[in-house]
Amino acid sequence: MTEIQKIKNYYETYLIDKIPQGGLFVAKMPTCTITAYRSGKVMFQGQTGEQEAEKWSSLTAPNSPVSKTNHARKKTNVPEGIASMSVIGSDEVGTGDYFGPITVVAAYVKKEHLQLVKELGVKDSKELNDTKICEIAKDLIKTIPYSLLILHNEKYNELQQQSRMSQGKMKALLHNKAILHVLNKIDPERPEAILIDQFAEKDVYYKHIQGQKMIQRENVYFSTKAEGIHLSVAAASIIARYAFLQQMEKLSKEAGFPIPKGAGSQVDVAAAKLIKTKGKDALPHFVKLHFANTEKALHMLN
Ligand code: MG
């Protein structure tokens with residue numbers, strides 16, 4: 001598979017129909033638009049453009065066709081040899097999906113479990129399809145200590161509308177809580193490091209969780225592409241995706257038709273269908289209301 005094909009697959013649920021001249025595909029996430037051109041160039045634009053581009057760093061070497069924003073690449077200062085340490089890792093799924101909850105998982109993989117976890121098939125979830133993810137997750141949850149938190153959309157919408165809470169803050173609170181749960185579970189054992197798949201700068205993260213019972217600051221590391229740094233983050237990511245898929249299945253049953261992932265035009269159609277059959281009041285249970293998709297769905301019905 002070509003790298004561009006890999007990128008296309010990865011953002012499959014965000015693909016939109018409007019493609020510029022010379023373009024191969026466009027994926028539109030709430031905070032980033034990815035445009036690939038026939039020339040081999042791929043652009044990542046928007047608030048999280050740099051973060052997304054980071055995921056494809058093999059493409060962003062000098063002279064590579066992928067253009068990145070000009071910001072200097074932030075050095076992640078994870079300790080040397082972290083891959084073979086006992087680490088709690090955390091990651092989340094669902095933040096860019098209109099339908100379905102946000103799922104956050106922290107998972108502990110100690111040194112002695114690294115080999116086993118690898119044998120279960122844990123690796124970067126970008127390389128795994130949904131079927132494989134479910135298979136691996138079912139084994140994982142029986143094997144390692146973890147904490148799964150699900151932020152359902154009723155609560156998400158309430159926090160967003162009534163408390164004007166940003167998604168970043170919600171994520172920080174959830175990661176913090178999930179990590180605390182795992183620390184409690186494994187007590188008196190302590191991890192050598194905590195690795196958070198980065199969604200915010202360290203200072204911003206700690207500002208968000210001010211006033212909360214907080215994880216310690218020592219040995220806590222933030223990094224993009226953390227899935228590739230320690231298996232605990234890859235494991236957390238797989239469990240989070242598994243939980244997300246289960247929730248989507250549940251919502252699909254409630255809706256009476258399959259609910260799409262992502263935030264592309266296919267979710268507008270699904271939302272319109274939902275409003276038609278269940279009424280507008282049913283929406284807050286299913287979707288993240290503040291996404292532009294809500295307007296588009298309502299527009300479709302008029
Ligand atoms: Mg992540």
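**Exercise 1. Charges**

How many positive and negative side chains does the chain have, and how far apart do the centres of the two sets lie?

*Solution.* Start with the source: this is a predicted model. Next, take the counts. There are 41 positive side chains and 32 negative ones. Last, take the centres of the two sets. They lie 3 Å apart.

**Exercise 2. Overall form**

Find out what the radius of gyration says about the chain, then describe its extent and surface.

*Solution.* Step one is the expected value. A compact globule of 302 residues would have a radius of gyration near 19 Å. Step two is the value for this chain, which is 19 Å, so the two agree.

Step three is the extent. The C-alpha trace spans about 60 × 50 × 35 Å along its principal axes.

Step four is the surface. The accessible surface is about 15,100 Å². Carbon and sulfur atoms hold 49% of that area.

**Exercise 3. Make-up and contacts**

List the secondary structure of the chain, its buried share and its share of long-range contacts.

*Solution.* Count the elements: eleven helices and ten strands. Then turn to burial. Of the 302 residues, 50% are buried. Now look at contacts with a separation of 6 or more. Residues 24 or more positions apart account for 67% of them.

**Exercise 4. Three strands in a row**

Trace the pairing from β2 through β3 to β4.

*Solution.* Begin with β2, residues 23–29. Strand β2 pairs with β3 over six bridges, in the antiparallel sense. The two form a hairpin with two residues between them. One bridge can be named: methionine 29 is partnered by cysteine 32 in β3.

Move on to β3 (residues 32–37) and β4 (residues 42–45). Four bridges join them, and again the strands run antiparallel. Threonine 35 has methionine 43 in β4 as its bridge partner. Alanine 36 stands opposite valine 42 in β4.

Now check the turn. The hairpin of β3 and β4 has four residues between the strands. Glycine 40 in this hairpin takes a positive phi near 100°.

Is β3 largely enclosed or largely open? Five of its six residues are buried, so β3 is largely enclosed by the rest of the structure.

**Exercise 5. Backbone angles in loops**

Locate a cis peptide bond and two non-glycine residues with positive phi, and classify the exposure of those two.

*Solution.* First, the cis bond. This peptide bond runs from aspartate 187 to proline 188, with omega near 10°. Proline 188 lies in the loop between α6 (167–186) and β9 (193–197).

Second, arginine 164. Its phi is near 50°, a positive value in a residue other than glycine. Arginine 164 sits in the loop between α5 (153–162) and α6. Its relative accessibility is 64%; the cut-off for exposed is over 50%. Therefore arginine 164 counts as exposed.

Third, asparagine 219. Its phi is about 60°, positive although the residue is not a glycine. Asparagine 219 is found in the loop between α7 (202–208) and β10 (220–223). The relative accessible area is 39%. Buried would need under 20% and exposed over 50%, so asparagine 219 is partly exposed.

**Exercise 6. Around helix α3**

Compare sequence separation with C-alpha distance for leucine 116 and glycine 121, and say where each residue sits.

*Solution.* Take leucine 116 to begin with. Leucine 116 lies in helix α3, residues 114–119. With a relative accessible area of 34%, leucine 116 is partly exposed. Threonine 143 is 27 residues away along the chain. The C-alpha atoms of leucine 116 and threonine 143 are separated by 9.0 Å.

Then take glycine 121. This glycine is in the loop between α3 and α4 (130–143). Glycine 121 is partly exposed too, at a relative accessible area of 24%. Isoleucine 88 is 33 residues away along the chain. Here the C-alpha atoms of glycine 121 and isoleucine 88 are 18 Å apart.

Which residues does glycine 121 touch, leaving out those up to four places away in sequence? Glycine 121 touches Leu128 and Ile136.

Notes. Residues are numbered from 1 along each chain as its sequence is written. This is a predicted model: local features need pLDDT of at least 70, side-chain atom pairs count only at pLDDT 80 or more; totals for chains, interfaces and linings use all residues. Side-chain values use heavy atoms; hydrogens and water are left out. The radius of gyration is taken over C-alpha atoms; the globule rule is 2.2 Å times the number of residues to the power 0.38. Buried means under 20% relative accessible area, exposed over 50%, partly exposed in between (1.4 Å probe, protein chains only). Contact means heavy atoms within 4.5 Å. Accessible areas come from the Shrake-Rupley method with a 1.4 Å probe; for residues, only the protein chains shown count as cover. Lys and Arg count as positive and Asp and Glu as negative; His and the chain ends are not counted. The place of a charge is taken as NZ of Lys, CZ of Arg, CG of Asp or CD of Glu. Two strands pair if DSSP finds at least two bridges between them.
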